[in-house]
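Colleague: I'm new to this one. Can you put it up and walk me through it?

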Protein chains: 2
Amino acid sequence: MSKTITLSIDAMGGDNAPDMVVEGMALALKDIPDLRFMLFGRSEKLIPLLEKFPEVAEACELRHADDVVSSSEKPGIALRSGRQSSMRLAINAVGSGEADGIVSAGNTGALMAMAKFVLKTLPGIDRPAIASLLPTIKGECVMLDMGANIQCDAENLVQFAVMGEVFARNVLHIPKPSIGILNVGTEVLKGNDSVKQAAVFLTETHLPIDFYGFVEGDDIGQGTVDVIVTDGFTGNIALKTIEGTARLFAGALRQELTRSWIGKIGALIAKQAINSFRTRFDPRRYNGAMFLGLGGICVKSHGGTDALGFCTAVKLTHELISDELNEGIKEDYARFISEHHDFSGSVD
Amino acid sequence: MSKTITLSIDAMGGDNAPDMVVEGMALALKDIPDLRFMLFGRSEKLIPLLEKFPEVAEACELRHADDVVSSSEKPGIALRSGRQSSMRLAINAVGSGEADGIVSAGNTGALMAMAKFVLKTLPGIDRPAIASLLPTIKGECVMLDMGANIQCDAENLVQFAVMGEVFARNVLHIPKPSIGILNVGTEVLKGNDSVKQAAVFLTETHLPIDFYGFVEGDDIGQGTVDVIVTDGFTGNIALKTIEGTARLFAGALRQELTRSWIGKIGALIAKQAINSFRTRFDPRRYNGAMFLGLGGICVKSHGGTDALGFCTAVKLTHELISDELNEGIKEDYARFISEHHDFSGSVD
């Protein structure tokens, strides 16, 4: 019998919180009936909601939190003044071991600052990274960092590569995931110093890592590699560029199909195909940015998502815990450090 | 009567050169019958091609060039050893004033190195930038730099902003184009030092520039601003991410529509709408990366394009010349420098 997993939930983060949060929990319970929750937020808002969703009430322990971290709050301020916020108390529950992981749709910067403060980083990791799953023509890939670290040196990128590799192996269940570093060309001489030095290290290392080399922006969607490593500035812009291009395409396709009655009829007949196309790229299916490298599992849901999107983030968090992601990172990292005493020296 | 424009053409650059080059010239002549060319390349290959396209032969002067710069040649080597190449001789024709601009589908790095060496940069411009037109839901926008400058300081970004503004006004004919700097968030405190300092300068300047502020990756496709300014590393990755996402979507839509006979029938009925959708995002319609900031007009066609794509690049080059882009940049830059003596100091 597998151990019951308890997730700590920040009920107050996100544009449509707490309604979409509790509804999302209800959806997740349908697929994972033995999931348990600790729900942090304003009880006067949450009690009526839990009455509407008795199955959630049944599976959850409500903990009142007075404060809410606003979406515009600066991380440093939130860290100092948000000690009684739903976000912070939800993270504390993971720190104390009461919960196995936390999900929040609140302020990303504040969540990272608080999670880093409470949960600390794993041994050997200097900076946690934000990882996201992305659709490819072959299936999906994982990309990191998506914005936690604006400037990264080669050592940070190598750490992201190791964490991404463990993630792809343990969570995506790819036996030997390939790793690529995002760059402006595939030749070894291309790019800035960080990517060049990280590539040299990953090429020469004896670690059991399948390093593909450099990949370009168009390799993301082609599924050229399983793990794409980049700094947080580039990663964030690439991710949002994908989202924007997806929206542009969907909008333009709709415009063209509804411009004439014959287009509308064709679309009606091909409805099922168009719907599967839509479902395949539904951003809610990819919701949940994972904070990798922390001493606890922490997932950030998109702030603008709905119940279905929040449910995806909850199920992803459950998966990270049951697949023992952090144990994998810890083990691999210990091996990595013991075998490569000269690591920092060789890439700086 | 407008002055006859002569374009210098590198016949040997690109995967399908010289066939697609000459065919592309023929297509361009249909729209611009008074266009004249100087064609550089191996005459033994070009003479039979010109026999096939007598209208091109009529409009063009053939100049034999023995050497071809290979697509894998390093820029520095190409600059030193490619003095008799079709690319270099084509650029020389602009430097000597025989031609008004040059188009090549060859090696980007070599083209930039040679063009910078022969044509020099415009007064006040430290580094030329590569600019591209991109489709948006509202129409199109221009983005720069697309890869000429891997690392950029605030001053470079400000120079790109001024060049992009002149381009959007003179070539896209937008009376007061809005300028945005690509960043990981829209708040002033976000991003790296270069983007933050450039934004401060563009906010405080008295230059007649409509500075919008920071934009994010998803703003590109939404057409939030007319000009998007970024460093060459981020710009190149964003551009290729857009291309990759477009290919992913087109491929997935095809997969879904051809999976069932009812999907196929629907697609057949909506064929015209699907075709206009395809045409709207046809990369050949956006072919032609413009090197801005040089003392001559230089356009790089995609190496993998066909005759239609090459024709777009030729027509774009013609437009940059007839719209007097470089005269605009020179004038604006002279004004910019005379009004802002403290420019470098204020952003460094």
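Modeller: Two residues count as in contact if their C-beta atoms, placed from the backbone, lie within 7 Å. This is a predicted model: local features need pLDDT of at least 70, side-chain atom pairs count only at pLDDT 80 or more, and totals for chains, interfaces and linings use all residues. Residues are numbered from 1 along each chain as its sequence is written, while chains are lettered from A and ligands numbered from 1 in the order in which they are written.

Colleague: Okay. How many residues of chain A are in contact with chain B?

Modeller: 51 residues of chain A, meeting 51 residues of chain B.

Colleague: Which elements of chain A give two or more residues to that side?

Modeller: α9 (217–222), α10 (232–257), α11 (261–269) and α12 (271–280) of chain A. Helices here are DSSP runs of H or I with at least four residues, strands are runs of E with at least two, and both are numbered from the N terminus. α10(A) gives the most, with 21 residues.

Colleague: And how do the residues on that side of chain A divide by type?

Modeller: Into 23 nonpolar, 19 polar and nine charged. Ala, Val, Leu, Ile, Met, Phe, Trp, Tyr, Cys and Pro count as nonpolar, Asp, Glu, Lys and Arg as charged, and the others, Gly among them, as polar.

Colleague: Switching to chain B. What order do the strands of the open sheet take?

Modeller: β3-β2-β1-β4-β11-β10-β5-β6-β9-β7-β8, so 11 strands in chain B with mixed pairing. Two strands pair if DSSP finds at least two bridges between them.

Colleague: Which strands stand at the edges?

Modeller: β3 (60–64) and β8 (210–215) of chain B. Each has a single partner strand, so one side of each is left without a neighbour in the sheet. The twist averages 25° from one strand to the next.

Colleague: In what sense do β7 and β9 of chain B pair?

Modeller: Parallel, over three bridges, with β7(B) at residues 178–182 and β9(B) at 227–229. Gly180(B) has Ile228(B) as its bridge partner in β9(B).

Colleague: Which strands does α7 of chain B lie across?

Modeller: α7(B), residues 154–170, lies across β5 (129–135), β6 (140–144), β7, β9 and β10 (289–292) of chain B. It runs at about 165° to β9(B). Axes are lines fitted to C-alpha atoms, for helices over the stretch in contact, and angles run from 0 to 180 degrees between N-to-C directions.

Colleague: Back to chain A. At what angle do α1 and α13 cross?

Modeller: Roughly 55°, with the axes of α1(A), residues 19–31, and α13(A), residues 307–322, coming within 7 Å. They are therefore oblique to each other. Angles under 35 degrees count as roughly parallel, over 145 as roughly antiparallel, 65 to 115 as roughly perpendicular and the rest as oblique.

Colleague: What residues make the contact?

Modeller: Among them are Met20(A) and Leu27(A) of α1(A), and Phe310(A) and Val314(A) of α13(A). The residues of this contact divide into 10 nonpolar, one polar and three charged.

Colleague: Any backbone oddities?

Modeller: Most residues other than glycine have a negative phi, and most peptide bonds are trans. The bond from Ala17(B) to Pro18(B) is cis, with omega near 0°. Pro18(B) lies in the loop between β1 (6–10) and α1 (19–31) of chain B. Phi of His173(B) is near 60°, a positive value in a residue other than glycine.

Colleague: Is His173(B) buried or exposed?

Modeller: His173(B) counts as exposed, because it has 9 C-beta neighbours inside 10 Å. A residue is buried if 20 or more other C-beta atoms lie within 10 Å of its own, exposed if 12 or fewer, and partly exposed in between, with C-beta atoms placed from the backbone.
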